Amino acid sequence: MRYRDPELRDRLAAEYVLGTMSARARARFKSLLKYDAGLRGVVAQWETRLSPLANAAPAVEPPARLWQGIESRIRPQRRAPGFWNALGFWRSLAAAGITAALVVAIFLGGAPATDPPVDMVAVMTDKQSAPAMMVLWPQQKTKEYPYLRVQAVYPPQILPGTSLELWMLPTGSAPPVSLGLVNPAEATQLVKMKAALARTVGEAWGVALSMEPQGGSPTGKPTTGFLYEGQCVKVM
Amino acid sequence: MNRPSPETDAQAAELAALLAQCGLGKQDAFAALYRATSAKLYGLAIRILRREDWAEEVLQEAYVNIWNHAADYAAAKSAPLTWMASIVRNRCIDWLRRPQRELGGEQSEFTIESREDEAPGPLEQALAAGEAGALARCLERLEGDQRRAIQLAFYHGLTHPEVAAKMKRPVGTVKTWIRRGLMQLKGCLDSGDHQ
């Protein structure tokens, strides 16, 4: 097999670390890395070799808001991890869709005030109507960094060279609007939104997830059918 | 002057301990880790992305990622700052490769800022200060074009065709420079032939 050639592995690792690969080649290499600990080791060696270059970049003090942004994103995850990660809890919501969303909405409505207040929630279900992924809209108005929280109930299967893309389904006949890519490897993640999008997302009828070419749909529209789909429920 | 790399063993041990604490969900340790590393990593992101707003966005993602994966650091085979800087660099490169950028909408910045490269780069400065150590000495031994191509790629997050466009040379030539340059660097570093 081609990727067993040590010289080729070394060269690819070096170019990955240097950063010269195209988006497509990077994505392919990353999917190799996922399953190849040896290759990860070769990459780590190159990272170490080239690390003085990274260290040589002059230090610049970041603005204080950067830490505030980071802190606001790690705090919600820390709280009550048992609640978010309890698969059993989600499985038990098998009476899917709107009912599940309502249950979650009520649940969150009563959550302690340390969690950012949630405006809207949608539980996306798979083709068998089992809850698969949940999307939460924290209150956006005062947020410097508008984001969605995406919580996978079970991780979707993903083919190498593809990405998962999250879509907002507007009311009426308007086409879906991309909300960004979802990382299949992370059970809980925050999807950053553009400010303009954050203002309109409150009007969404629902959300959906599709499998797209690596890096997202090239056309700006979903290129395949939806894997998951769910209706939005206002919490307020 | 022959100083060790800026990340001394004591610093590395301290950062590794903080990462271990982060892996256990200790937010105080994460705050300390941020204080100890953010200026360095923000500087790196600015150097690559050349826009403060992008650097902020990428650094925020990177630190959230570091927090989420701190427990994995134990299995990493590199120094803590190397591990963290790699997360930042990878995020920067992914950012530069995001689809809307590859379509060409933002290309113009390269030309706007290209003059900056005529000034001594950070590596030259670090080299003058004796900080970059073995790597700098090995880089010195490369041909000028090889070295310049590697530094352009590293500090600008450029692809082969982008480096070629900047150096006004054919892609194939630049690819060869980079490939041979990297392999020579490896030989030089691994043999300890740089003293």
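This is a short tour of the contact between chain B and chain A, followed by a stop at one strand of chain A. Keep in mind as you click along that the model is predicted.

**Stop 1: the interface as a whole.** Select the residues of each chain that touch the other. You should pick up 60 residues from chain B and 47 residues from chain A. Together the two chains bury about 5000 Å², and 61% of that area lies on carbon and sulfur atoms.

**Stop 2: the charged and polar links.** Show side chains across the contact next. There are 7 salt bridges between chain B and chain A. For one to zoom in on, pick B:D94 and A:K30, whose side chains form a salt bridge at 2.6 Å, N to O. Residue pairs in polar contact between the two chains number 17, counting pairs with both residues at pLDDT 80 or more.

**Stop 3: the chain B side.** Now colour chain B by helix. The elements that supply two or more residues to the side touching chain A include α3 (52-69), α4 (80-96), α9 (144-156) and α11 (171-191). Which element gives the most to this side of chain B? Select α2(B), which contributes 12 residues. By residue type, the chain B side splits into 32 nonpolar, 15 polar and 13 charged.

**Stop 4: a strand in chain A.** Finally, move to β6(A), residues 188-192. Of its 5 residues, 4 are buried, so the strand is largely enclosed by the rest of the structure. Add β3(A), residues 147-152, to the selection: this strand pairs with β6(A) in the antiparallel sense over 5 bridges. To see one such link, select A:Q151 and its bridge partner in β6(A), A:T188.

Terms used: Residues numbered from 1 in each chain as written. Chains lettered and ligands numbered in written order. Predicted model: local features only at pLDDT ≥ 70, side-chain atom pairs only at ≥ 80, totals over all residues. Heavy atoms only, no water. Contact = heavy atoms within 4.5 Å. Buried area = accessible area lost by both parts, 1.4 Å probe. Salt bridge = Lys/Arg side-chain N within 4 Å of Asp/Glu carboxyl O. Polar contact = N/O pair within 3.5 Å; in protein donor to acceptor, adjacent residues only side chain to side chain. Nonpolar A, V, L, I, M, F, W, Y, C, P; charged D, E, K, R; others polar. Buried < 20%, exposed > 50% of the residue type's maximum accessible area, 1.4 Å probe, protein only. Pairing = 2+ DSSP bridges.
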